[in-house]
Every structure is written in C-alpha cells, then in structure tokens.
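Visitor: I would like to go through this model with a few specific questions. Please keep the reasoning short and end on the value or name I ask for.

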Amino acid sequence: MSQHIAKPRTTAVILAGGTGQRVGLSIPKQLLKIAGKAVIEHTLTTFENADSIDDIIVLMAPGYVPDIEKIVAKAGFKKVSKIIEGGSTRNETTERAISALGEGLAEGEDVNVLFHDAVRPLLSQRVIDDCVTALERYQAVDVAIPSADTIIVTRTHGEDGEFITEIPDRSRLRRGQTPQAFKLSTIKRAYEVAAGDPNFQATDDCSVVLKYLPDVPIHVVAGDEYNMKVTQPVDVFIADKLFQLASTATPEQVSEEAYRELLTGKTVVVFGGSYGIGKDIAELAESYGATVYALGRSTTGTHVENPEEVDDALSKAYAETGRIDYVVNTAGVLRIGKLAETDNATIEEALKVNYLAPVQIARSSYKYLSETKGQLLLYTSSSYTRGRAEYSLYSSTKAAMVNLTQALSDEWAGDGVRVNCINPERTATPMRTKAFGQEPAGSLLSSEAVARTSLDVLLSEMTGHVIDVRQQDPTAGAARASGFEQALASVLDRQDGV
C-alpha cells in the first residue's frame, strides 16, 4: 500500500535590504511607487497569489520595517508571517532568513525556500511554479535567461583603461535572475561551510552552494525577460510602462449559479447603458439577479457630462435599493478628424464626455462604493498606448483613464474600494460603426464578450489593473490576458483600436 507523503512547506523570502542610491533616491528603491503601488507590494502580491507558496518572510532594510508592516496591513497580505531587518550585506541578510526559517522546525524536517529580490516586481507565476516543481528533484535551483549581448572579459592597464582579455561563447552564457530556490537544509549547510572561509563573500546564494557544496547540482529554470531588476533610473521608467501595458487574467466564475449567488441583491449602475457594451453588461448582470440601472442619453436622458444628472442617478439608485455595489462607465464619444480642423464645440464635447464625466462619476460614486466595498469600472481604448492620427482627443482621454484607474485604486485602497479598467481591442459597437463604417465580418470583438469579461472583473478582488480583452482567445470569444508577453504584442498591433 502506498503511503501519502506530505509536501514540504514552501516559503518565499523577499530580500529587500537594498537602498535607493543607484536610482538617486533617499528611500529604499523597493518602496518606490510604480503603477500606483510600492515596488515591494507588487512583488508581495505575486507571491501572495501563488498557490505553490505557503508563507512569506520579508527581510527589510534597517529602519524601514514599519513601512513594510503598513503595506502588508493595508493590502491584507495573509501569507506574510515575518518582517525582520536585513543585514548590512546580502549574505548576512540570507543568514538571518535561514535562522528565521529554522525556528520551530522539528528534527529532520525540511522546507523549500525561494529567495527573491524585492525589486523584481514583474515575476510570473510560471517561474515560481517551475522553481517549486524543480525542488521535488533537486536541492538547489537557479533562474536564468540566455544572454542576448556578447559578454567580454576585461583587464585594466593603469591609465590606459580596459582591454579585452576574453570573449566567452555566448551560447553557454546565461543572465541570472531570482528566485533562487533551495532545500533549507542545503542552503544552511552551504553557509555553515562558508563561515569557515575568512575571505567569504558572494552576491547571490547559488554561488555559495556552487563554491562550498560542489557536489550539489544546481538546476536552471528558464526565466523571462520581464523579470527585470529595478536598479538603474531607466529601470523605474521601463517597469512603470510594463505595468501600465501589462494585462491581467480575469478569474471566471465556476458556474452560472456562482454568478447568480454573487450578484443577487447587488445594485449595479451603468452609465452608457443605452447600447453596446454598457447595454450588454446591464442585461447580463440583471439576468443573474442584480438590480441594474442602465443609464444613457437615448434611453433615460442621462447626460454623463452633467454632474447634477450623475448625482441624481446615483442618489435614485441608492434611495431605491439602499446600496450601490458596482458603478460602470462605458459612455464615450469618438469624433474623427484633424485637431487643427476641429471646432471648439467638438473639442469641448470630447473632453467633457471622455474625461470630465468619468472624473465626476468617480467622485460621486465614492461615498456609495466605500459603504459596500464595491468597485468602479472604467474603459480605455487599445489606442491608449500611442496616440493615433485623426482621433487625438479620443486616444489621449482614453490614456487618461488608465492613469485615473491606477491613481484611484491606490487612493481608495484603504477604504476597500476597487478600481479597474477594461481595454477591449476593436469592438463592434454603434459608436465604432458610426466612426468607421461597416468593417469586415469577424474582424471585430463582440460587445457581449467584453461585457462578460467586465462582469468577471467586477466580481473579482482585483484593483488597479488594466484588463485586455482580445479576440483571438477562444474563451468566451474574448481574450484573457496571458501576461507580460502579451503586453508587448499588444503595442505592436494597436493600430486603430477603439
């Protein structure tokens, strides 16, 4: 009879002992905000959401432990079990982590440990899972990617500067990343041996195992280009843009009954609900038992550019149901034409409907959503990453929706209000048809598919995300984002999306 062997506990150790000197900061770079959140919060979120990780320990730069405690409390991270001060060097920090990991272990008990740089916030779940899986067979695991650059070895000759002494074969060179994963017993033994070396120093933990436990093979897991380390000033800019462009997979409900259970008794207010995506969201939510207020210029006479009408609509919904759980704004106008030839009335309309209206809707919705811990859902356009000729007003105001989403999600996080933004690729809506005329059948995403994804976002715990909806994904006729790989692909094909 086979006996079930319990899997060892897997702990992620977030190494956050660095400072911000190389990026010109007076605070540790892991506290720098990118895409509305501290770098380390993005990193912690990744491990918090990883099914293969049981708990998290943070090693923070001396003097900044309270900052991490506040971030953890505000974000509600349940897996963070310890936050302790790191050492003056990377090795000393790892040794403190090893000591903390060994507390409370029974004799002979071992655990898996993943050491990860706090300033690598773009880590994928795939890399985490591959590391944990590799530990089922190996005692030490590194993460690396092929080097796209030629690596040279140099030597300095006095005042004459550097000269090349060797050019290694690039096909065998890899760029190391994190996590670096180990059996706790292995990395502990490596550091114990290293302690006997008076000249011991290392910048990473796999090199300690390689040098002091040469008989232990170190398996290499494939990393990815997006798992970058925020070290230089340019890295801050690149990481921020990657977060802005990156789409997020939306968790779908397991059954029709699950949708019904989550929406029955809830109140949904949809601005722009007369037709297209807004109308489909309203009908879908109502079919699952929600009380829905679908508001629009052509059906209810609601003008989103009028703050009083927005206030009145929300007040009415609250008075009649006693709550507002979700507020959705799909209203927008698209006028094609060169800016220099556009009259003032058209410019004013575009700014009022596409920018000021969402701002007013957000401001008016806040008091209701903070009461229910609800969500505001906004919409951008696939043109937001790069303004397009002849609809500069539309694409620029849609870019503003992304920034508004990320800013408000951070601003309202403490009150439990979530804010997200849907980014559909070219979608078959009356607004698009009016602007571009009839387009080839099958070339556009259906508004029903966007509505389904929108509903999944509303029912999720996500906040501060831009969610791509793309046609080529087979699920529900829409595309659920698959990660940062899709982010860059999106940039290449966003030619005229609305």
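Visitor: Over how many bridges do strands S12 and S13 pair?

Guide: This is a predicted model. In it, S12 covers residues 267-271, and Val-269 has Tyr-293 of S13 as its bridge partner. The two strands run in the parallel sense, and the number of bridges between them is five.

Visitor: Which strands stand at the edges of the open sheet of six strands?

Guide: The order in this sheet is S13-S12-S14-S15-S16-S19, with parallel pairing. An edge strand has a single partner strand, so one side of it is left without a neighbour in the sheet. The two strands in that position are S13 (291-295) and S19 (466-469).

Visitor: By what angle are neighbouring strands of this sheet turned against each other on average?

Guide: The sheet in question is the open one with the order S13-S12-S14-S15-S16-S19. With direction ignored, the average turn between neighbouring strands is 20°.

Visitor: What angle does the direction of helix H11 make with that of S14?

Guide: Helix H11 spans residues 344-372 and packs on the sheet, where it touches S12, S14 (326-329) and S15 (375-379). Helix H14 (residues 447-458) also packs on the sheet, and its direction makes about 150° with that of S15. For H11 against S14, the angle is about 175°.

Visitor: Which element supplies the largest share of the largest nonpolar core?

Guide: That core has 34 residues, and those with the most contacts inside it include Ile-40, Phe-47 and Leu-114. Elements that each supply at least two of its residues include S1, helix H1 (39-48) and helix H2 (65-75). The largest share is five residues, and the element that supplies it is H4.

Visitor: How many residues does the second, separate core have?

Guide: Among its members are Ile-361, Met-401, Val-417 and Val-419. The core is separate from the other one, and its number of residues is 28.

Visitor: Is Ser-395 buried or exposed?

Guide: Ser-395 lies in helix H12, and its side chain reaches the backbone oxygen of Ser-392 at 3.5 Å. Leaving aside neighbours within four places in sequence, Ser-395 is in contact with Ser-383, Tyr-384, Gly-387 and Arg-388. Its relative accessibility is 2%; the limit for burial is under 20%, so Ser-395 counts as buried.

Visitor: How many residues apart in sequence are the parts that Lys-33 and Asp-410 tie together?

Guide: The two residues form a salt bridge, with the closest N and O atoms 2.8 Å apart. Lys-33 lies in strand S2 (residues 33-34) and Asp-410 in helix H12 (residues 392-412), so the pair ties together parts of the chain separated by 377 residues.

Visitor: Which residue forms a salt bridge with Glu-136?

Guide: Glu-136 lies in the loop between helix H4 (125-134) and strand S7 (140-146), and its partner in the segment before strand S1 (10-16), so the pair ties together parts that are 129 residues apart in sequence. Glu-136 is exposed at 60% relative accessible area, and the partner is exposed at 70%. The closest N and O atoms are 4.0 Å apart, and the partner is Lys-7.

Visitor: In which helix do Glu-92 and Arg-96 both lie?

Guide: Their side chains meet in a salt bridge at 3.1 Å, N to O. Glu-92 is partly exposed at 27%, and Arg-96 is partly exposed at 34%. The two residues are four residues apart, about one turn of the helix, and that helix is H3 (residues 90-102).

Key. Residues are numbered from 1 along each chain as its sequence is written. This is a predicted model: local features need pLDDT of at least 70, side-chain atom pairs count only at pLDDT 80 or more; totals for chains, interfaces and linings use all residues. Side-chain values use heavy atoms; hydrogens and water are left out. Buried means under 20% relative accessible area, exposed over 50%, partly exposed in between (1.4 Å probe, protein chains only). A nonpolar core is a set of buried Ala, Val, Leu, Ile, Met, Phe, Trp, Tyr and Cys residues joined through side-chain atoms within 4.5 Å. A polar contact is a pair of N or O atoms within 3.5 Å; within protein, one must be able to donate a hydrogen and the other to accept it, and residues adjacent in sequence count only if both atoms are side-chain atoms. Contact means heavy atoms within 4.5 Å. Two strands pair if DSSP finds at least two bridges between them. Axes are lines fitted to C-alpha atoms, for helices over the stretch in contact, and angles run from 0 to 180 degrees between N-to-C directions.
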